[in-house]
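Me: I would like to learn how to read the features of a protein model. Could we go through them in turn, beginning with charged pairs?

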Amino acid sequence: MNLTRLLTGLVTLIAVLIALSILAGAALGQPMGVSYVETGSMSPTLEPGDGFIAVPTPIAGPVEPGDVIVFDAVNLHGGGLVTHRVVGETESGYITRGDANPVTDQDGDEPPVEPGRIEAKALQVGGDVVVIPGFGTLVTGASGAVGSLQQFLASTFGTRAFLGTQGAVYLLFGFGVVTYVLASLAERSDSRRRDRHTSRWTGYVTPQTVIGVMAVVLILAVTASMVVPAGTHTFQFVSSEVASENPSVIQQGTTKNVTYVVPSNGPFPVVGVIEPTSGGVTVSPETVSVAGGETANVTVTIQAPPDTGVYTASIREHRYLALLPTGVILTLHGIHPWSPIVVIDVLLGVGFVILAVALIGIDPIRLDRRRHPVPLRVRIRRWFK
């Protein structure tokens, strides 16, 4: 087996496995994937740069002490996703701690982790986390290279279209198209060179394989453009005895409005569905249609409990590319939040395959051939032709 065929098979296998995990997560209601840690707070279980299988809690089952979870922190590390172990449970939520940390997160400023802020659990076998060594290092390096390329293209062409998730979609799709075109040109150019030496082809790639891989990449990128910007958003506030102009301070027993901004996915219009995920929260409107390059505001009304203290309120945003009528998207969303994503992915994938087959056909692309040794003088003459 030659190197080209081996690499092609490996890329295809990886793409298929990723696609299957995405589809399995969609069927079960939540995305699945591989995550990684950036710090040493979970050492020695997870060293910086180590990866792990992130299984959404609806699939993994209830959270229990000893589980390693990924949760949306309020104050820890300035907020954002944190991977720590559950070491206890209270009426207010879970108590968490990094394996390398001497104290719990709640000994600091982080409130107990509510179930609504838990995004996933790390896959464990026999009580041990399944570790993928160095996965994060690889992802970080690749992400840095892609980010640098995006910045270069954006500055060269004077447009922000190459930045962000949409820019990554353009790069991935463009890479696949360029690869296919170059392979086709190489095959055609080589076919014109006929000499007296016998030869036979030893490897080829079918357009079906190339189109399939490109379709998977397109679907993954489109799915990411809808899933990554969405998710749970938390608001931390203080229930106070007196009123305050500070937006994070609400007088006990009263309400305060907070503006939540829903942007479009770059040049592409989106439909956003915003739902409250904690008590004492209402949103208006619950559905927004955002044109390409525009934003829409949603009013989040938070009611402070009668008791003073520090609390968190949360909402969840679902974002869909507006490739279907808004009414259809909302109907599918009513069936399940992932239903519109699956339908949009299928429509794009099938449409891309049909278009690609119509444009480039299904004739095999020959990549290599083994021939009898060609004298050096003949090779030199060919170089100067």
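Reply: Side chains of opposite charge can pair when their charged atoms come close. In this predicted model, Lys 121 and Asp 67 form a salt bridge whose closest N and O atoms are 3.2 Å apart.

Me: Which parts of the chain does the pair of Lys 121 and Asp 67 link?

Reply: The pair joins distant parts of the chain, 54 residues apart. Lys 121 belongs to strand β6 (residues 118-122), whereas Asp 67 lies in the loop between α2 (57-60) and β3 (68-73).

Me: Are Lys 121 and Asp 67 buried or exposed?

Reply: Both Lys 121 and Asp 67 are buried.

Me: How many salt bridges are there by this rule?

Reply: The count comes to 4 salt bridges. One of them is formed by Arg 85 with Asp 99, with the closest N and O atoms 2.9 Å apart. This pair also links distant parts of the chain, with the two positions 14 residues apart in sequence numbering. Arg 85 is in strand β4 (residues 80-89), and Asp 99 is in the loop between β5 (94-97) and β6.

Me: Why does Arg 85 count as buried?

Reply: The term buried applies under 20% relative accessible area. Arg 85 counts as buried because its relative accessibility is 18%. Asp 99 has a relative accessible area of 23%, so Asp 99 is partly exposed.

Me: With which residue does Arg 319 form a salt bridge?

Reply: Arg 319 forms a salt bridge with Glu 317, and their closest N and O atoms are 2.9 Å apart. Arg 319 is buried, as is Glu 317.

Me: Let us turn to the surface. Which residues make the nonpolar surface patch?

Reply: Val 342, Val 346, Val 350 and Ile 354 make a nonpolar surface patch of about 320 Å². Val 346 is located in helix α7 (residues 339-360). The relative accessible area of Val 346 is 45%, so this residue is classed as partly exposed.

Me: How much area does the chain expose?

Reply: The exposed area of the chain is about 21200 Å², and carbon and sulfur atoms supply 62% of it. Of the 385 residues, 36% count as buried.

Me: How many helices and strands does the chain have, and what share of the contacts with a separation of 6 or more is between residues 24 or more positions apart?

Reply: The secondary structure consists of 8 helices and 19 strands. Among contacts with a separation of 6 or more, 65% are between residues 24 or more positions apart.

Notes. Residues numbered from 1 in each chain as written. Predicted model: local features only at pLDDT ≥ 70, side-chain atom pairs only at ≥ 80, totals over all residues. Heavy atoms only, no water. Patch = residues over 30% accessible without salt bridge, like charges linked within 9 Å, V, L, I, M, F, W, Y side chains within 5 Å. Areas by Shrake-Rupley, 256 points an atom, 1.4 Å probe, with all protein chains shown as cover. Salt bridge = Lys/Arg side-chain N within 4 Å of Asp/Glu carboxyl O. Helix = DSSP H or I, 4+ residues; strand = E, 2+ residues; numbered from the N terminus. Buried < 20%, exposed > 50% of the residue type's maximum accessible area, 1.4 Å probe, protein only. Contact = heavy atoms within 4.5 Å.
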